[in-house]
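Please open the structure in your viewer and keep the selection panel at hand. We will go from stop to stop, with a note on what to select and what is there.

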Amino acid sequence: MAVRVRFAPSPTGFMHLGNARTALFNWLFARHHGGEFILRIEDTDRERHTEEAVEVIYDSLRWLGLNWDGEVVRQSTRLARYHEVAERLIAEGKAYRCTCSREELEAKKEAMMDTANRTCYDRTCRDKAFDSDAGPYVVRLKMPLEGESTFEDMVQGTITKRFDDLDDFIMLRSDGMPTYQFAVVVDDVDMAITHVIRGSDHIDNTHDQLGIYRALGANPPRFGHAPRILGLSKRKGSPSVEYYREALGLLPEGLNNYIARLGWSHGDDEIFTMAQLIEAFDVTGINQANGQFDEEKLIWVNEQQLRLVSLHTLAEHVLPIYARHGVSLDPSDWTFKLLELMRKRAHDLNEIVTDSLFVFRAPETYDEDSVAKHFSAQTPAILGALRTEIEAIQSWDEGTIEAAFQRVAEAHQLKMGKVAQPARVAIVGKAQSPGIYEVVWFVGKAETCRRLAAAEAFVQSR
C-alpha cells in the first residue's frame, strides 16, 4: 500500500511548534516510505480564518524544508461535497436532522449533568424524519448505542471507548458549515489517506471519526497519536515557528532536529541531518510519554547544526539577516570565509551577523571595561608602531599580519597579549572577537590603520 499522509492545519494565526512537529513527523514518515505528503488547509472557520494565516503556513513549511506533494487542498472549496455526503447518510438512515434550539440544548445539558454527570445530547430528534425545510437544523451522526469503539494506535496501543459514552455529534452546523469531525473524515477518504499522525489531544476525536468511517463503509487509516510538548512558554513571544526563526535566529535544520527528537528517539543519537532523519524515522520510535521543551537544549542542537550545514546553506539563511542590518553580501569565497570564522563561536544566525558587524563598521564607542583593562599610557605608542608595520605589509594574508604583531611585541619587549588586546579593542570596540589576525585580515589594511589611528587619538585625549 502506497503511503499517503496529510498535514491539515487551520489558518488561525501562527504556526505553533506543536503543529510544526506534526508536519515534520508526517513528512518524515512519507519520505521514509517513499510516499506522499499532502497539505490540506482546514479553512471552514469563518470567524478565525485569514488569508494572511494561510501564507504563514506556506512560508513556515517552505522554511522548514517540508515540501508537499501535489496541489494544496482547501476545505472551503469542498462545501458541496460535505453536503452531498451528509444528505447521503441521512437518506441511508445513518444521520439525522436535529431542530433543537441552542436554548433547548443548554437546558438538556444542565438536566443531564444533574442526573448523569455528563452532557451528551439526549437524541431527542434521532428517530424523527425532518425534511430540509424543517427550519434551522444541524445534522448529527447516529452513533451505535451499545458496544465499544476500538482502534489500534500505532503509538499508544489499543484504545477503547464505550459507545454509550459517545455522542450523536454534529456533522453540519445550522449555517451549513461542516464540523472538524465530519470534514476531516470526508477529506481523508476522498484523498485516500493511509496514515494519520497527529497529537495525542486528538485521541478522543478518533472514536467519533471512526463512526463516520463506519457509516460511509470506508476503511479508516491507521492512527498514531504523538505525545504532547510540555513547557512551551509565551514569556518571550508566541511559541511559533516565526518566533524561533526570527527572534532566536535558528536554522531550520536546528529546529527540525530538536522537535524531531522531542517525542521520538533513535537510540542515543541526538544530532541528525535531514537525510539521516528520513532514513531513521518510523512511527515505532515515537514515544508515549510527553516531551519536555528545553530552550537551552534547542539552542545547543542549533549550534551543532550551524557547524554541520554547508556554507552555501548557511549563507542562504544568514545573508538576508545581514541585509536587514544594512550589509549587502554575495555568496562569495570571501563571505564563506567570514561565515566559517563566525559560526565556530555563534549560537545562532543572529549572533553570526551581530558579532561580525565590526568588519563593516568602525566602533562608534569603546567598551568601558575593555578600555580600563587594555588601554594605558603606553597604548598610543604600541598602536602607532603596529600601524606602521601593517601599512608596510605587501602580501596581505594572516601570516604577514601575525609577523607584524610579533615585530611590535619584540620591539617593545611585550607579551603578545599586550599588543593584541589593545589592537582588538581599537579595531572591534571590545576585548572579545575572533582571532586578531583574522579580524585584521577581514577589516583590511586601510581600515585597520584608520581604526588604530582613531584609538591612538582617543587614548591621547583622555
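How many residues does helix 19 have, and how far does helix 19 reach from its first C-alpha to its last? Select residues 445-460 to find out: helix 19 has 16 residues and reaches 23 Å, close to the 22 Å expected at 1.5 Å a residue. Keep in mind along the way that this is a predicted model.

**Helix 19 from the end**

Now show the side chains of Thr448, Cys449, Arg451, Leu452, Ala455, Glu456 and Val459, the buried residues of helix 19. Turn the view to look down the helix axis: these residues fall within an arc of 165°, so they line one face of the helix. An α-helix has 3.6 residues a turn, so residues three or four places apart point the same way. To see what the buried residues pack against, add helix 15 (379-391), helix 17 (416-428) and helix 18 (436-443).

**Aromatic pairs**

Stay on helix 19 and pick phenylalanine 458, which is partly exposed with a relative accessible area of 26%. Its ring partner is tyrosine 366; the ring centres are 4.8 Å apart and the planes stand at 55°, so the pair is tilted. Tyrosine 366 sits in the loop between helix 13 and helix 14, so the pair ties together parts that are 92 residues apart in sequence. Tyrosine 366 counts as buried, at 16% relative accessibility.

The whole structure holds 17 aromatic pairs. For another one, select tryptophan 334 and phenylalanine 360: this pair is edge-to-face, with 6.1 Å from centre to centre and 65° between the planes. Tryptophan 334 belongs to helix 12 and phenylalanine 360 to the loop between helix 13 and helix 14 (368-374), 26 residues apart. Both rings are partly exposed, tryptophan 334 at 28% and phenylalanine 360 at 29%. Add Tyr322, Trp441 and Phe442, and you have the one aromatic cluster that these five residues form.

**Helix 10 and its surroundings**

Next, select residues 295-308. Helix 10 has 14 residues and reaches 20 Å, close to the 20 Å expected. At its N-terminal end, look for the cap: a side-chain oxygen of aspartate 294 lies 3.0 Å from the backbone nitrogen of glutamate 296. The buried residues of helix 10 include Val301 and Gln305, and helix 8 is one of the elements that cover its buried residues.

**Asparagine 257**

Which helix holds asparagine 257? Select helix 8 (residues 252-261) and you will find it there. Asparagine 257 is buried, with a relative accessible area of 1%. Follow its side chain in two directions: a polar atom lies 2.9 Å from the backbone oxygen of glutamate 270, and a polar contact of 2.8 Å joins the side chain to that of glutamine 305. Among the residues that asparagine 257 touches are Ile271, Phe272, Leu277 and Val301.

**The sheet and a last asparagine**

Switch to a cartoon view and find the open sheet of 3 strands, with parallel pairing in the order 1-2-3. Strand 1 (4-7) and strand 3 (73-74) are the edge strands, each pairing on one side only. Between strand 1 and strand 2 (residues 36-41) there are 4 bridges; arginine 6, for instance, has isoleucine 38 of strand 2 as its bridge partner.

Finally, select asparagine 19 in helix 1 (residues 17-32). Is asparagine 19 buried or partly exposed? Its relative accessible area is 33%, so asparagine 19 is partly exposed.

Definitions and conventions: Residues numbered from 1 in each chain as written. Predicted model: local features only at pLDDT ≥ 70, side-chain atom pairs only at ≥ 80, totals over all residues. Heavy atoms only, no water. Helix = DSSP H or I, 4+ residues; strand = E, 2+ residues; numbered from the N terminus. Buried < 20%, exposed > 50% of the residue type's maximum accessible area, 1.4 Å probe, protein only. Polar contact = N/O pair within 3.5 Å; in protein donor to acceptor, adjacent residues only side chain to side chain. Contact = heavy atoms within 4.5 Å. Expected span 1.5 Å × (residues − 1). Pairing = 2+ DSSP bridges. Arc of directions from axis to C-beta. Phe/Tyr/Trp six-rings, centres within 6.5 Å; stacked < 30°, edge-to-face > 60°.
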